[in-house]
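Colleague: Mind if I quiz you on this one? I'd like to hear how each label was earned.

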Amino acid sequence: MKKNFYITTTLPYVNAPLHLGHAVEIIRADAIARVKKLEGYNVFFNTGTDEHGAKIFESAKKAGKEVKEYVDFYADLYKKTLKEFGVLSEGEGIHFVRTTDEDHVASAQEFWKRCDKNGYIYKKEYEAKYCVGCEEEKTESELVDGKCPDHNLVPEIIKEENYFFKLSAFGEKLLAFYEENPDFVVPAYRLNELKEFIKSGLRDFSISRLKEKMSWGVPVPGDDEHVMYVWFDALVNYISTLGWPNEEGNFKDFWVEGTPTQYCGKNNTRFQGLMWQAMLMGAGVGPTEKIVVDGFILGEGGVKMSNTLGNTIDPLDIVKEYGTDALRYFALREFHPFEDTAVSKDKLLESYNANLANGIGNLTS
């Protein structure tokens with residue numbers, strides 16, 4: 001009998017074309033999926049698009065488009081781009097989830113209900129500094145000269161009544177889980193970072209926004225005045241794509257009895273390895289088995305590549321100039337698997353000539 005293997009990337013926001021950092025994550029996950037297929041596994045490879053939240057809402061407004069029209073365009077573009085990356089196609093094990101899919105929306109709402117029923121959701125007034133680029137609250141210690149260092153944006157001040165998830169109730173449970181599963185995060189030092197973060201004290205986090213201020217989101221069950229905070233909704237995609245809350249079928253095969261593996265960048269480690277695991281506990285769902293964490297792809301000046309900053313390299317330009325196989329080679333050979341890697345077009349050309357054309361090319365000849 002074949003064994004089951006599940007791997008998922010994070011879901012990029014549909015506010016711009018995919019940049020090189022996205023390409024590296026997707027290609028690496030695809031390579032793992034291909035290896036597992038060769039080893040005889042049934043493979044479920046999940047990727048897709050994160051389509052809710054303030055960032056998407058503002059981007060659509062700037063583009064002069066209705067939000068649904070805007071996200072449909074970018075979701076279609078993403079699917080076409082995956083072909084240029086040479087990843088597995090539908091029918092070969094890849095599945096594409098959109099957080100605007102009806103099935104996903106229903107799954108996210110059921111997930112909310114279960115966390116609420118179990119006593120982990122409550123409502124309160126709060127005030128916070130919020131970076132639209134990160135879709136995340138920021139503390140003073142995380143800001144540089146009053147701005148988010150990743151997006152060079154001054155955070156907005158949010159003051160309203162929101163729903164909160166009781167993350168503070170899961171500190172000891174998470175630490176116990178980490179002790180029982182020392183290989184849960186790769187590389188291991190990322191797991192140590194999570195442990196230290198928990199020891200410094202966990203804070204409950206906001207999981208809703210007032211609909212009158214930001215309407216583009218999954219409606220909160222039982223409260224027409226609120227929509228879900230984008231992170232709470234988006235994280236549920238890892239099980240909604242498997243058909244959850246249906247406990248049978250793909251969810252049973254690939255999450256319960258398989259090996260659910262999540263690929264992410266280091267800025268997502270806390271969301272994937274801590275917040276999402278606590279949310280799963282809160283809803284009574286089993287944990288992820290393994291999380292693999294990439295370093296950043298750095299652009300000019302050693303700054304993390306970001307669509308918000310406009311310092312990205314278009315991976316499709318690499319495909320046009322060197323071909324799909326060269327892009328995949330760069331992602332799998334030239335970029336450090338776990339640490340940050342500085343990249344420029346000149347460095348890619350040098351690698352292509354020295355290592356791919358002259359090295360592997362001459363050896364093959």
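**How the labels were earned**

Modeller: Let's begin on the outward side of a helix: Lys-80 and Lys-83 are exposed, on the other side of α3 from its buried residues. Keep in mind that this is a predicted model.

Colleague: What makes Lys-80 and Lys-83 "exposed"?

Modeller: The label is for residues with over 50% relative accessible area. Lys-80 and Lys-83 carry that label, so they clear the cut-off.

Colleague: And which residues of α3 are buried?

Modeller: Val-67, Tyr-70, Val-71, Tyr-74, Ala-75, Tyr-78, Thr-81 and Leu-82. They sit on the same side of α3, because the arc they cover around the axis is only 125 degrees.

Colleague: What covers those buried residues of α3?

Modeller: The cover includes α1, β2 (42-49), α2 (54-63), β3 (94-98) and α11 (315-322).

Colleague: How do you know that the span of α3 agrees with what its 18 residues should give?

Modeller: The expected span takes 1.5 Å times one less than the number of residues. For the 18 residues of α3 that comes to 26 Å, and the end C-alpha atoms are 26 Å apart, so the two agree. Just after α3, Gly-86 takes a positive phi of about 75 degrees.

Colleague: You listed α11 as part of that cover. Why do you say that its buried residues line one face of the helix?

Modeller: The buried ones in α11 are Pro-315, Ile-318, Val-319 and Tyr-322. Looking down the axis of α11, they fall within an arc of 100 degrees, so they line one face. Lys-320 and Glu-321 are exposed on the other side of α11. What covers the buried residues of α11 includes α1, α3, α12 (324-334) and α13 (345-364).

Colleague: On to the holes. How many cavities of 30 Å³ or more does the structure hold?

Modeller: Two. The largest has a volume of about 70 Å³, and the second largest about 40 Å³.

Colleague: What makes a hole a "cavity" rather than a pocket?

Modeller: In a cavity a 1.4 Å probe fits but cannot get out, whereas a pocket is open.

Colleague: Which element gives the most to the lining of the largest cavity?

Modeller: Helix α3 (residues 67-84), with four residues. The lining includes Tyr-74, Leu-77, Tyr-78 and Thr-81, along with others such as Pro-12 and Thr-49. By class, that lining has nine nonpolar, two polar and no charged residues.

Colleague: And what is the lining of the second largest cavity like, by class?

Modeller: Three nonpolar, three polar and one charged. Glu-25 is among the lining residues, and Glu counts as charged. Helix α1 (residues 20-38) gives the most here, with three residues. Tyr-78 is in the lining of the second largest cavity, and Tyr-78 is also in the lining of the largest.

Colleague: Why is Asn-181 called partly exposed?

Modeller: Buried stops under 20% and exposed starts over 50%. Asn-181 has 30% relative accessibility, so it counts as partly exposed. Its place is in the loop between α5 (171-180) and β7 (185-186). Asn-181 and Glu-289 are 108 residues apart in sequence and 8.6 Å apart in space, C-alpha to C-alpha.

Colleague: Last one: what is omega for the cis peptide bond from Val-186 to Pro-187?

Modeller: Near 0 degrees. Pro-187 is in the loop between β7 and α6 (188-199). The bond from Trp-244 to Pro-245 is cis too, with omega near 20 degrees.

Note on methods: Residues are numbered from 1 along each chain as its sequence is written. This is a predicted model: local features need pLDDT of at least 70, side-chain atom pairs count only at pLDDT 80 or more; totals for chains, interfaces and linings use all residues. Side-chain values use heavy atoms; hydrogens and water are left out. On a 1 Å grid over the protein atoms alone, a cavity is a set of points where a 1.4 Å probe fits but cannot get out, and a pocket is an open set with protein on both sides within 12 Å along at least five of seven lines; lining residues have an atom within 4 Å of a point. Grid points are joined across faces, edges and corners, and a volume is the space filled by probe spheres set on the points. Helices (H or I, at least four residues) and strands (E, at least two) are DSSP runs, numbered from the N terminus. Buried means under 20% relative accessible area, exposed over 50%, partly exposed in between (1.4 Å probe, protein chains only). The arc is that of the directions from the helix axis to the C-beta atoms. Contact means heavy atoms within 4.5 Å.
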